[in-house]
Protein chains: 2
Amino acid sequence: VKPLRESIIAIVGLGQIGASIGRVLVARRACRRVIGVSRKASTLRDALQLRAAHEATRDLARACARADVVILATPVRTILRQIPSVSGFMKPGSLLMDVGSTKGEILRCADEHCGWRRIRFVGGHPMSGHSGSGPSSSDPALFDGHPFVLIPAPRAGSRTIRIAAELVHVLGARIVRMDADVHDGTVALISHLPHVIAIGLMLEAAAERPGSSFRLAAGSFRDATRVAASDTDMLLDIFLTNRRAIGKSILSFGKRLLKTGLDILTGDEKELRRTLALAGRLRRELSTSSR
Amino acid sequence: VKPLRESIIAIVGLGQIGASIGRVLVARRACRRVIGVSRKASTLRDALQLRAAHEATRDLARACARADVVILATPVRTILRQIPSVSGFMKPGSLLMDVGSTKGEILRCADEHCGWRRIRFVGGHPMSGHSGSGPSSSDPALFDGHPFVLIPAPRAGSRTIRIAAELVHVLGARIVRMDADVHDGTVALISHLPHVIAIGLMLEAAAERPGSSFRLAAGSFRDATRVAASDTDMLLDIFLTNRRAIGKSILSFGKRLLKTGLDILTGDEKELRRTLALAGRLRRELSTSSR
């Protein structure tokens, strides 16, 4: 495995995450060369203008064949389609990474296609993201201080893992190691469930109080529904590749919600006070904890 | 009814809302005199220092007897306790307002105690608020451009309603007229339900994934749980005075959540795409609409 500084890195998919990674790598001269790959000519043009890559191409096969590190930064189900072909284009011994939002299916797919080709696979998930999409929404500070989950495939090898870790370090993110199941269960709860909730709240307000709810919508509603405006295709890929964990989270949360509803309907002041005080204490702890 | 400029206004309760109102009235010389009322000496001191009142007192009865307008800015259940006594202290023909977050019980209470004493009652609810509490969290820009619901009691009279409207106008808020039931049903959905959800999410994360969820908590979880840190007593008063509407909202929302959970578990891509696209469109409309 080559050191990062001497590596050619191909970034496949130049949306917010892919273009942000490219901009950091180019600006910090962290590697020898960054090749941006996208199917859309306008995306390639925008990425070059933003210095998210040294060169830009639609030729996935050639870019992967030249690269020492390939980073898949496409939506999750596209990643699942690309792993079989991309791992075939790459040089044996090189590193394949992804930055998809769910990890179980991706790690299983990589296990099937990468090992016997001697492609080292390390799954990644940067826990950052703004609203917006495409290279124009990229931001070199996107990863600063945020968690970046790394999940190496069983046969990735410690030297390869060090390269992946160095890359995350260059991005300014904080490495978190966990296994794919714990990752998927956790993000189902802290990210996918909040998205499902935001979507449900938005539709509920439109269905039940179409006139008055939009007129009164204040801070709490705007905060609670903000992520409902996320990209449909991206969310759909996340939901459909983490079905079991999200389903479980929804059922468990729904039960808790109904319990609180019952406490409110029956006016159980003692129980409500306990619930509110505990949630308030936990949320204040989260505010003061480092991100 | 005296014009606002010649009125003595007593503000009972100098928390974030009460002190913010006082600061605007004093700064804009909108009335003859502002009397701040609180039980706590430290609150009175802070309010005077912030110029949230011209004078400050613990003597509720005397302040109300002198005032042409009394604004109750205490938690909802305190307002319910104060209406019977305060309406007894006030001069016949003067205006009593409140700024509590639920309106049905308050309007019913006012109906019982104010009319026969010739106290004109106008219920209010400013749809604004930051985190924090007490006079130190007040902000003269708190109401700028935000909705401020006004619900006059049946016998308030048009001249009195005009005074209340002028006061809201001075605060920089946007008057929204609706009846108490529509108000309580709407805020149950767009404010109280999001609070119940934020509390539930916080407790769910702590119960199900105590280690990993806090380590990965990113934007969507922080946004979705922000209001869980709200003041326990204030929330408790809101929940317990709007029980039926909140209960209904929780049940209706819970049903929607479970339906989406089923779509995810069964991988119903077509239905999910429809749901996500519609919610996304509605949320983007909300973002572009004026507040």
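## A walk across the A–B interface

Across the interface of chain A and chain B, the rule finds eight salt bridges, a salt bridge being a side-chain nitrogen of Lys or Arg within 4 Å of a carboxyl oxygen of Asp or Glu. Before you start clicking: this is a predicted model, where local features need pLDDT of at least 70 and side-chain atom pairs count only at pLDDT 80 or more, while totals for chains, interfaces and linings use all residues. Residues are numbered from 1 along each chain as its sequence is written, chains are lettered from A and ligands numbered from 1 in the order in which they are written, and side-chain values use heavy atoms, with hydrogens and water left out.

**Stop 1: the whole interface**

Colour the two chains separately and select what touches. You should pick up 87 residues of chain A in contact with 88 residues of chain B, with contact meaning heavy atoms within 4.5 Å. The two chains bury about 8200 Å² between them, 71% of it on carbon and sulfur atoms. Buried area here is the accessible area (1.4 Å probe) that two parts lose on being put together, summed over both. Now show A:Leu216, A:Leu276 and A:Arg283 as sticks: they supply 9% of the area that chain A buries against chain B, more than any other three residues.

Next, turn on the polar contacts. Between chain A and chain B there are 20 residue pairs of this kind, both at pLDDT 80 or more. A polar contact is a pair of N or O atoms within 3.5 Å; within protein, one must be able to donate a hydrogen and the other to accept it, and residues adjacent in sequence count only if both atoms are side-chain atoms.

Which elements of chain A each supply at least two residues of the side that touches chain B? Among them are strand S7 (147–152), helix H7 (180–208), helix H11 (243–265) and helix H12 (269–288). Helices (H or I, at least four residues) and strands (E, at least two) are DSSP runs, numbered from the N terminus. H7(A) gives the most to this side, with 23 residues.

**Stop 2: salt bridges between the chains**

Select B:Arg256 and A:Glu204. They form a salt bridge, the closest N and O atoms being 2.6 Å apart. A:Glu204 counts as buried at 2% relative accessibility, whereas B:Arg256 is partly exposed, with a relative accessible area of 26%. Buried means under 20% relative accessible area, exposed over 50%, partly exposed in between (1.4 Å probe, protein chains only).

Now move to B:Asp223 and A:Arg226, whose side chains meet in a salt bridge at 3.6 Å, N to O. B:Asp223 lies in helix H9 (residues 219–225) of chain B and A:Arg226 in the loop between H9 and H10 of chain A, so this pair joins two chains. B:Asp223 is buried at 16%, and A:Arg226 is partly exposed at 39%.

For a bigger selection, take A:Arg77, A:Asp233, A:Asp237, B:Glu269 and B:Arg273, which are linked in a network of salt bridges. Over all chains, the structure holds 32 salt bridges.

**Stop 3: inside one helix of chain B**

Zoom in on B:Lys259 and B:Asp263. Both lie in helix H11 of chain B, four residues apart, about one turn of the helix. Their side chains meet in a salt bridge (2.8 Å, N to O). Buried or exposed: what is B:Asp263? B:Asp263 is buried, with a relative accessible area of 7%, while B:Lys259 is partly exposed at 40%.

**Stop 4: a covered strand in chain A**

Select strand S5 (residues 95–98) of chain A. Both faces are covered: A:Leu95 and A:Met97 on one side and A:Leu96 and A:Asp98 on the other are all buried. Add strand S4 (residues 69–72) of chain A, which runs parallel to S5(A) and is joined to it by four bridges. Within that pairing, A:Val69 has A:Leu95 as its bridge partner.

Step back to A:Asp68, in the loop between helix H3 (60–66) and S4 of chain A. A:Asp68 counts as buried at 12% relative accessibility. The side chain of A:Asp68 reaches the backbone nitrogen of A:Ile8 at 2.8 Å. Not counting residues up to four places away in sequence, A:Asp68 also touches others, including A:Lys2, A:Lys91 and A:Leu95.

**Stop 5: two arginines with positive phi**

Finish with A:Arg29, in the loop between helix H1 (16–27) and strand S2 (33–37) of chain A. Phi of A:Arg29 is near 50°, a positive value in a residue other than glycine, and A:Arg29 is exposed at 66%. Then jump to B:Arg51, in the loop between helix H2 (41–49) and strand S3 (55–57) of chain B. There, phi is near 55°, again positive in a residue other than glycine, and B:Arg51 is exposed at 62%.

How values were computed: Two strands pair if DSSP finds at least two bridges between them.
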